[in-house]
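Dear colleague,

Please find below the structure that I am handing over to you. My notes on what was found in it follow directly after.

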Amino acid sequence: MTLEVALFSCLSDNYGFLLHDPITGATAAIDTPDPKEIAKQCETRGWTLTEIWNTHWHPDHAGGNVALKRRYNALVRGPEQASIPARDETLRDGDQFEFAGHRVDVIHTPGHTDEHIIYHVPSAELAFVGDTIFALGCGRLFEGTPDEMWSSLSKLMALPEQTRLYCAHEYTLSNAKFAMSVDGENPDLIAAVADAEAKRAAGQPTVPTTVGVEKRANPFVTAGNAQELGRRRALKDAF
Ligand code: ZN
Ligand code: FE
């Protein structure tokens, strides 16, 4: 049996994710943007939250940890940074753990924050990438450097092309405007933008994207080096 992913909107533009194993009932929330909404989504499906996996410390990712731990006594896994509330287990680059018999690989992806991590589940061909990469964009460099973000994005792009990337925000259409301004002739980008516009027009999420699509269309991945990524990131912040 394959793992199920539930995706739902939280706050203004975050996504909440639940990863569920129908055999054991194990259910993980990836980040905790809105504890009430996450509990409601569990209730509706008859799922009981057993784990919380944080990607980074920002309040729209770890702000619901305490409330959800209190309600479900869920195990909280997260990166090293001190500001992860209620963390039970600290994860570092290269760590692995089991979720309902599936191996989960932890990859350190600094840039947005110093200790940002992502969760890759190879058997399910998916990764929860927090605020490292977005469809046609990448996270703001709050704590890290362009070099760090470049190497983090390179690690993600080394995953198999069919890997689905669950980004934590719906930023795609605004990313698309900037992407077209720097790489408007790229046919893969043009196709990705058309796809995102159609999905949003139909009220659907543009998440998940895939490694393959981002590799060819995302202007931060196609930048070529860290210096160019830094230039584009600065341009986008001013865009
Ligand atoms: Zn963040
Ligand atoms: Fe965020």
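I begin with a single residue: H56 is buried, since its relative accessibility is 0%. Please bear in mind throughout that this is a predicted model.

The zinc site

H56 is one of the protein donors of the zinc ion (ligand 1), to which it contributes NE2. The other donors are H58 through ND1, H112 through NE2 and D131 through OD, and the donors lie 2.1 to 2.4 Å from the ion. Along the sequence the donor residues of the zinc ion follow the spacing H-x1-H-x53-H-x18-D. The pair H56 and D131 links distant parts of the chain: H56 sits in the loop between β4 and α2 (59–62), D131 in the loop between β10 (126–130) and β11 (133–134), and 75 residues separate them. D131 is buried as well, with a relative accessible area of 4%.

The angles among the four donor atoms of the zinc ion run from 88 to 169 degrees, and the site is irregular. A tetrahedral assignment would require all angles to lie between 85 and 135 degrees, and the upper value of 169 degrees at the zinc ion falls outside that range.

The iron site

Which residue connects the two metal ions? D131 bridges the iron ion (ligand 2) and the zinc ion (ligand 1), and the two ions lie 3.3 Å apart. H61 is located in helix α2 and H169 in the loop between β13 (164–167) and α5 (172–183), so this pair ties together parts of the chain that are 108 residues apart in sequence. Both histidines are buried: H61 has a relative accessibility of 1%, and H169 one of 4%.

The full set of donors to the iron ion is D60 (OD), H61 (NE2), D131 (OD) and H169 (NE2), at 2.0 to 2.4 Å. Their spacing in sequence is D-H-x69-D-x37-H. The iron site is irregular too, with angles of 87 to 168 degrees among its four donor atoms.

The six-stranded sheet

An open sheet is built from six strands in the order β1-β2-β3-β4-β5-β6, with mixed pairing. β1 (4–10) and β6 (89–91) each have a single partner strand and stand at the edges, so one side of each has no neighbour in the sheet. From one strand to the next the twist averages 20 degrees.

Within this sheet, β3 (residues 27–30) and β4 (residues 51–53) run parallel and are joined by three bridges. I30 has W53 in β4 as its bridge partner. Helix α1 (residues 35–45) lies across β1, β2 (14–20) and β3, and runs at about 140 degrees to β1.

Strand β9 and its partners

Is β9 (residues 117–121) enclosed or open to the outside? Five of its five residues are buried, so the strand is largely enclosed by the rest of the structure. The burial extends to both faces of β9, with I117, Y119 and V121 on one side and I118 and H120 on the other.

β9 pairs with β8 (residues 102–108) through four bridges in the antiparallel sense; here I107 has I118 as its bridge partner. β9 also pairs with β10, again antiparallel, over three bridges, and the partner of H120 in β10 is A127. β9 and β10 form a hairpin with four residues between them, and E125 in the turn has a positive phi of about 50 degrees.

Helix α8 and residue T206

Helix α8 (residues 226–238) has 13 residues, which at 1.5 Å a residue should span 18 Å; its end C-alpha atoms are 18 Å apart, in agreement with that value. Its buried residues are A226, E228, L229, G230, R232, R233 and K236. Among the elements that cover them are β12 (137–138), α4 (146–157) and α5.

Finally, T206 lies in the loop between α6 (187–201) and β14 (209–210), and is buried with a relative accessible area of 7%. Apart from neighbours within four places in sequence, T206 is in contact with Y15, E170, T172, A196, K199 and R200. T206 and Y119 are 87 residues apart along the chain, and their C-alpha atoms are separated by 20 Å.

With kind regards

Note on methods: Residues numbered from 1 in each chain as written. Chains lettered and ligands numbered in written order. Predicted model: local features only at pLDDT ≥ 70, side-chain atom pairs only at ≥ 80, totals over all residues. Heavy atoms only, no water. Pairing = 2+ DSSP bridges. Helix = DSSP H or I, 4+ residues; strand = E, 2+ residues; numbered from the N terminus. Axes fitted to C-alpha atoms, helices over the stretch in contact; angles between N-to-C directions. Contact = heavy atoms within 4.5 Å. Donors = N, O, S within 2.8 Å, 3.2 Å for Na, K, Ca; no water. Tetrahedral: all angles 85-135°; square planar, octahedral: opposite > 155°, others 65-115°. Buried < 20%, exposed > 50% of the residue type's maximum accessible area, 1.4 Å probe, protein only. Expected span 1.5 Å × (residues − 1).
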